[in-house]
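Reader: I am in my first year and would like to go through a structure by question and answer. Could we start with how its parts are laid out?

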Amino acid sequence: MNESLLFDWMLGAFALGAAASVALPLGGVLRRVALVCAAIGSASALALGLSVLRAGATWTARWDYLLQPLGGVALRVDSLGAFFLLIIGFTGLPASLFAIGYLKHLDGRMRSRATHALFNIFLASMCLVTCADNGGTFLFVWEVMAVASYLLVISDPEQADAPTAGLWYAVMTHAGFLALLAAFIILAQGGSWEFPVLHNASTLLSPGARGAVFVLMAAAFGSKAGLVPLHVWLPRAHPAAPSHVSALMSAAMVNLGVYGLVRLVFDLLPPGPPWWGGLLLGIGVITALTGVLYSVAETHLKRVLAYSTVENLGLVFIGLGFALLMRGYGYGALASMGLVAALLHTLNHAAFKCLLFLAAGSVVHGTHNVSMEMFGGLIKRMPATAMLSLLGTLALAGVPPLNGFASEWLTFQVLVAGAQRTAPALAILLPLALAGVALVAGLAALSGVRLFGITFLALPRSTGAQQAKESTRIMVVAMAIPAVACVVLGIAPTSVIPQLSRIASDLGQPAGPLSAGLALSVPLVTSRMWAAMIAAVAISAGAAAAVAVRMVGRHRPVRVGAAWNCGRIIQSARSEYTAAAFAEPLKRVFTGFYRPTQEVTIDVHPASRYFVRSIRLRADLAPWMEEVLYGPFVRATRAVSDRMRQLHSGSIHFYLALLPGALLMLFVISRWLR
Amino acid sequence: MKLFHKIRRTGIVTEPLSVDGTDGVALAREIDARARSVFGRALAIREVDAGSCNGCEVEIAGLSGPVYDMERFGLHFVASPRHADMLLVTGPVTRNMAVPLRMTYDATPDPKLVVAVGDCARTCGVFAGSYAVAGPVDSIIPVDVTVAGCPPEPTQILQGILAAIGRFELGGARRA
């Protein structure tokens, strides 16, 4: 299919959607038109990505008359961009469809216009980020994406903590933007900002400047991807946003951090020293561990998922760091394997996290609650959501034959392959990273058990959960799309390996063969994983066990009774395992990390302290990372702004007196600059 | 050294297991053999305290204590009625325990045996007539064998268990 036509369809649909949400009269028609446009645009993005990936060609366009001060708009979709475009289209499609059912309650409200329009703009800007081919275009659409997502985060006035979350997000994302701008300025050396020119110019940079560019870019894209310690906005902003937006932010937007890093470091910069990779690898391990530890401890449903995003992006960055490390040591094949593992995990994470955030939206929509402590028993009331969530949770927990396992396996094996190289730094670093990945995988499984068990099983813990209703059909269909992808990518991960290998070789490195028939294989460690075989064995073993039980028990009398509850007469939700209790053992093991605080209040009868009326326990985790890393900065900003406030005396004479002072200072500065 | 010498010389000191001429070990062996022929496996017992003074529990605990150690012959106590072949019920059934006892009985898979241990389980003992007592065990669930005594000795409990298995062999599968 013609790429230009698809591109026009994509932008046209998003533009139409945004225009329709402003122009049409308020109501259901507006919602449907705007979101169907978003879905069409996403589908076109998906088709464009697929078509470019399939054809192996690149698609370019230039609109010099637009954004002239920034050097015109230059667009180019190559295999790397197409891959991320595919991810955006693929997550945007179900998110748009989901929103048709999810945002019904906004019909007739003024803010529905803004929400739908921003949603279209957000999608369009994300798609354009993957197409940008010069610094000006990239920075522009990057900023549009940041602003659109910021406005979407604060769009729900019922979320009390949305303004704070938005502030964190805005500050972090703009700090990232500044770092990116600085990186581009150093990289361009006063010349053109076109990517092909930058690619050639970067070889002329001094190693120190290149290192600075790398660190700035790692910080900029790390803040978007939620790398520790720049992750603080993520667990705040994702829960505050409406669920279809959090699905997009978590499954598409954070991945653009990965895209940016791959584009600018692998594509534009020449191979750097090994410490680049070591730095990313170390941060990746810390990020993955931090993310998974908090995702096990949190009780806010969407925050659990947001921390899980942090964890998975950590795993992706482990792959990227490994690739950079290998590139630094000159092992090209291994580097490209690391890159393939990272990209595969990006894709897989996008699929299951999109599914899980939409399912979380469905749960929140059905129960009007966000805390896991308020759920329970939803498998009876929302069976479709529960089954799809189970699929997503299994993928998240890395259970074969679902897709989370495939890429975690590949990351693990590639690290093993790298650890056999002889460089002493690798011999120390990679086994540590392996241990980290193993711990992360185990804890992610624990988190998955808790996520599904506490939310969907047992008895409902609140009236909201009691009266929950299954979501509308379109929402279920929307959730089913990524669920199918989770299964397909899990059983046949090899179907995307050739494309990913081509991306890696397009970035200038020969790719090693990573698939053997239907099995994933890593030649250097001679290990292979045949997911379809695992699925076949698991399913046939289960079926055989079921048949065997039937056959053996055929002639025995069967008595159906209630589940054994230890003879309890009153079975209430109060005796259930809670999300916090489930995480308690882990909180004790990792006390030093979590720094739990607890406060017990015992209310006793005035006559005797032995007659207890009530006991209240309030357990919380100290947000020490924020305090240690950002506390001084926040306090300094407060102090400065307090000082500034003293100038706001309200006296017009004082303000007038300040004017000549400012003029004088400008004179001095201009003099000094000249 | 003197201590070690004494330990070596004295050997293991324990009480004889036979009480009133009944050999506990032989009894346990017989129970195990017959339970295996009836249930096809070692006997799994679920103990239910339906309101006992815990005198009977002390004796039952004696069965798995170092002197009797009946687990070596296959008699073992399990943690859930789902795993049990036999319920060992003690005490007068209190009002609070009447429903749980019934639920326990229902939760035990067929075929199953019920042995009511102690005078209280049989007749409510000294607690008869109390406002807190619902009645003897057989007023709540069907009982196969009752073991008299306050409390009965472990050997007597073993005899009761054996009698229950004997009844079962005669009567075939119990009604549910």
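Reader: What distance separates the centres of domain 2 of chain A and domain 3 of chain A?

Author: This is a predicted model, and the value is computed from it. Chain A is divided into domain 1 (136-509), domain 2 (591-622) and domain 3 (625-673). Taken over C-alpha atoms, the centres of domain 2 and domain 3 of chain A are separated by 45 Å.

Reader: Between which domains of chain A does the largest nonpolar core lie?

Author: In soluble globular proteins, nonpolar side chains tend to be buried together. The largest nonpolar core here has 209 residues, and A:Trp233 and A:Leu320 are among those with the most contacts inside it. Residues of this core come from two domains of chain A, so the core lies between domain 1 (136-509) and domain 2 (591-622).

Reader: Which helix gives the largest share of this core?

Author: The core of 209 residues also counts A:Met126, A:Phe138 and A:Met249 among its members with the most contacts. Its largest share is 21 residues, and these come from helix H13 (residues 332-367) of chain A.

Reader: Which residues does A:Leu410 touch, leaving out those up to four places away in sequence?

Author: A:Leu410 is one of the residues with the most contacts inside the largest core. Not counting residues up to four places away in sequence, A:Leu410 touches A:Val340, A:Ala341, A:Leu344, A:Ile497, A:Leu514 and A:Val522.

Reader: How many residues are in the second, separate core?

Author: This core includes B:Val25, B:Ile45, B:Met70 and B:Ala164. The number of residues in this second core is 29.

Reader: Which residue of E2(B) stands opposite B:Ile45?

Author: Strand E1 (residues 44-49) of chain B runs parallel to strand E2 (residues 76-77) of chain B, and two bridges join them. With helix H3 (residues 55-64) of chain B, these strands make a right-handed β-α-β unit. In E2(B), the residue opposite B:Ile45 is B:Phe77.

Reader: What is the bridge partner of B:Asp49 in E3(B)?

Author: E1(B) also pairs with strand E3 (residues 86-90) of chain B, in the parallel sense and over five bridges. In E3(B), B:Asp49 has as its bridge partner B:Thr90.

Reader: Is A:Glu298 buried or exposed?

Author: A:Glu298 is in the loop between helix H11 (274-297) and helix H12 (301-329) of chain A. Beyond its neighbours within four places in sequence, its contacts are A:Arg303, A:Val304, A:Tyr307, A:Met372 and A:Arg450. The relative accessible area of A:Glu298 is 15%. Buried means under 20%, so A:Glu298 is buried.

Reader: What is omega for the cis peptide bond that joins A:Pro400 and A:Pro401?

Author: Most residues other than glycine have a negative phi, and most peptide bonds are trans. A:Pro401 is in the loop between helix H15 (383-396) and helix H16 (403-419) of chain A. For the cis bond that joins A:Pro400 and A:Pro401, omega is about 5 degrees.

Reader: What is omega for the peptide bond from B:Asp110 to B:Pro111?

Author: B:Pro111 lies in the loop between helix H4 (95-107) and strand E5 (113-117) of chain B. The bond from B:Asp110 to B:Pro111 is cis, and its omega is near -10 degrees.

Reader: What is the phi of A:Arg595?

Author: A:Arg595 is in the loop between helix H23 (591-594) and strand E6 (596-604) of chain A. With a relative accessible area of 40%, A:Arg595 is partly exposed. A:Arg595 is not a glycine, yet its phi is positive, about 50 degrees.

Definitions and conventions:
Residues are numbered from 1 along each chain as its sequence is written. Chains are lettered from A and ligands numbered from 1 in the order in which they are written. This is a predicted model: local features need pLDDT of at least 70, side-chain atom pairs count only at pLDDT 80 or more; totals for chains, interfaces and linings use all residues. Side-chain values use heavy atoms; hydrogens and water are left out. Helices (H or I, at least four residues) and strands (E, at least two) are DSSP runs, numbered from the N terminus. Buried means under 20% relative accessible area, exposed over 50%, partly exposed in between (1.4 Å probe, protein chains only). Contact means heavy atoms within 4.5 Å. Two strands pair if DSSP finds at least two bridges between them. A crossover is right-handed if, with the strands pointing away from the viewer, the path from the first strand over the helix to the second runs clockwise. Domain bounds come from an automatic or database domain assignment. A nonpolar core is a set of buried Ala, Val, Leu, Ile, Met, Phe, Trp, Tyr and Cys residues joined through side-chain atoms within 4.5 Å.
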